Amino acid sequence: MPLLQAEDLTLGYDSRVIVERLNFKVEKGDYLCIVGNNGSGKTTLMRTILGLQDPLGGKITFGDGLKHNEIGYLPQQNEVQKDFPASVEEIVLSGCQGRLGLRPFYFSADKALARENMCKMGIEHLSKKSFFRISGGQKQRVLLARALCATRKVLLLDEPVSGLDPQGTSEMYELIDSLRKEGVTILMISHDIDAALSYASHILHIGAEVFFGTKEEYLNSKAGKKFLRSKEEEDQ
Amino acid sequence: MIDKLYNYLQYPFVQRALIVGVLIALCSSLLGVTLVLKRFSFIGDGLSHVAFGAMCVATVVGVSNNMLIILPVTILSAIFLLRGGKKVKIRGDAAIAMISVASMAFGYLIMSVYSTSANLTGDVCTTLFGSMSILTLSIKSVWICFVLSIIVVILFVLFYNKFFAVTFDEDFAVSAGTNAEKYNLLLAVIIAVIIVLAMNLCGSLLVSALIIFPALSAMRIFHSFKAVTIFSAVLSVICALSGMIISILLGPPVGSTIVAVDTVAFFICYIIGALLKRT
């Protein structure tokens, strides 16, 4: 049984339909890249997977023992966070909130998990630092460590390299790849089609033409060829 | 001067007033950060105007205790505004503006038509800027303030981690299984309670200052949520205490004195923050 399966999914706001009849599935260990132009519904799809909004039609089912709150989410940074007084440690620890339940305070096991994930992301020396004083790449590592506190099963990454310099970008991709090798299933929304093609195992292309399949199939598909061509033209 | 203060402190009603003042200042500072960063400050402002309207009604109706009317009305408005504001952002803003000006207007209207008081302007001024002295609070009000403040502090401590999570990143909180809507509702209710409490200290127009100044001051110097929360609570208590003492000794109105002290403290923190940044 797949970890996550979307059947006849129709997405949109209010009554405005953005994507129709979307079908795809994610198996354990997959690295799915969701690509498409701006406004094609990538963010809406992500919000639907996370349960932040309901689909207009169709359904998403979770399998293989995956629970709804076991998808670790790496959001794009929002306005509020720019001047929020919070230390790196506090933010990473907040990834354990799903484990809190009715408990008001974090246990030492939660704190140990937060520390472990900070070490894994190489940010333990920043733990007392303020979130808005660290670099963009470091911020992403902090949010990734937080997501890892929430789950070790599936990560959903929303444009994880947006705003990073080339070195930060490649470090981020390496980090994600190493997590995948440890068995974490990755869903990534990306603009960066080159990275998608070098790291992903599956591609979901949404927009006027919808495609879902393995990376190899995508390269030979009509949607894939067209998208790659348009990207090349953009680059020139 | 010190003798005079010592003399005053002998009186139980002075002691009570100081204790309640300190508790109110403590409560109002706790949620400052959340309020500022969640862009809830406009809700706080709107609510204080609603509370003004409710207080006018309460004065005219002549219930034994004003809080009996003001508290439920303000809490209900908080829930309503939060629910309404969530669906469509702009309409939410407009709703708040509408409700707050309407309740101000109706409050003053009702007061001026039905009030039997000889000193209408004085009454209205008291509701807007707080009483001349917190010493005039009745024993019943003192007790209500005392109990409510303790409840607010306990709730804040119990839900500290949840409030942090929901304020910092609501989407992530929901994805991790936290019921953000529930906590937002709880926040709205607590904010309403704090506003009603703080009105006793400094009137409905100055309430926002009591809530927001300590948090903004603390954010100049500290950069972790815990440090900001603790420092703003301490600062708020110190400012309220010095404001009340100045007011008792020298006689200026208590609310505006406290807010003036808060403002001075903000500028001091601003300068310290700027100096720290340089080094």
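Chain A comes out as a mix of ten helices and nine strands, where helices (H or I, at least four residues) and strands (E, at least two) are DSSP runs numbered from the N terminus. The model is a predicted one, so local features need pLDDT of at least 70 and side-chain atom pairs count only at pLDDT 80 or more, while totals for chains, interfaces and linings use all residues. Residues are numbered from 1 along each chain as its sequence is written, and chains are lettered from A and ligands numbered from 1 in the order in which they are written.

As for overall dimensions, the C-alpha atoms of chain A fit a box of roughly 50 × 40 × 35 Å along the principal axes. A compact globule of 236 residues would have a radius of gyration near 18 Å, and chain A agrees with its 18 Å; the radius is taken over C-alpha atoms, and the globule rule is 2.2 Å times the number of residues to the power 0.38. Buried residues account for 41% of the 236 in chain A. Here a residue is buried if 20 or more other C-beta atoms lie within 10 Å of its own, exposed if 12 or fewer, and partly exposed in between, with C-beta atoms placed from the backbone. Of the contacts in chain A with a separation of 6 or more, 68% are between residues 24 or more positions apart; two residues are in contact if their C-beta atoms, placed from the backbone, lie within 7 Å.

Chain B is put together another way, with 13 helices and zero strands. Its radius of gyration is 19 Å, close to the 19 Å that the globule rule gives for 279 residues, so chain B is as compact as a globular protein of that length. The C-alpha box for chain B is roughly 55 × 45 × 30 Å, again along the principal axes. In chain B, 49% of the 279 residues are buried. Among contacts in chain B between residues at least 6 apart in sequence, 74% join residues at least 24 apart.

Where the two chains meet, chain A puts in 25 residues and chain B 24 residues. On the chain A side, the elements giving two or more residues are strand 5 (71-74), helix 2 (79-82), helix 3 (88-93) and helix 4 (97-100). Helix 4 of chain A gives the most, with three residues. By class, this side of chain A has 15 nonpolar, eight polar and two charged residues. For that split, Ala, Val, Leu, Ile, Met, Phe, Trp, Tyr, Cys and Pro count as nonpolar, Asp, Glu, Lys and Arg as charged, and the others, Gly among them, as polar.

Back inside chain B, helix 11 (residues 180-221) packs with two other helices. Its axis comes within 8 Å of that of helix 12 (residues 225-250) of chain B, and the two cross at roughly 130°; axes are lines fitted to C-alpha atoms, for helices over the stretch in contact, and angles run from 0 to 180 degrees between N-to-C directions. That makes helix 11 of chain B oblique to helix 12 of chain B, given that angles under 35 degrees count as roughly parallel, over 145 as roughly antiparallel, 65 to 115 as roughly perpendicular and the rest as oblique. The contact has eight nonpolar, three polar and no charged residues. Among them are B:Pro214 and B:Met219 from helix 11 of chain B, and B:Phe231 and B:Leu235 from helix 12 of chain B.

With helix 13 (residues 254-278) of chain B, helix 11 of chain B packs at an angle of about 15°, the axes being 9 Å apart. This pair therefore counts as roughly parallel. Its contact residues divide into 18 nonpolar, six polar and two charged.

Helix 9 (residues 160-168) of chain B is mostly covered, with eight of its nine residues buried. The buried set includes B:Lys162 as well as B:Phe163, B:Phe164 and B:Phe168.

Helix 4 (residues 41-61) of chain B holds B:Cys56, and B:Val57 is found in helix 4 of chain B too. B:Cys56 is buried, with 27 other C-beta atoms within 10 Å. Not counting residues up to four places away in sequence, B:Cys56 touches B:Gly107, B:Tyr108, B:Ile110, B:Met111 and B:Thr127. B:Val57 counts as buried with 20 C-beta neighbours inside 10 Å, and, leaving aside neighbours within four places in sequence, B:Val57 is in contact with B:Ile69 and B:Ile110.
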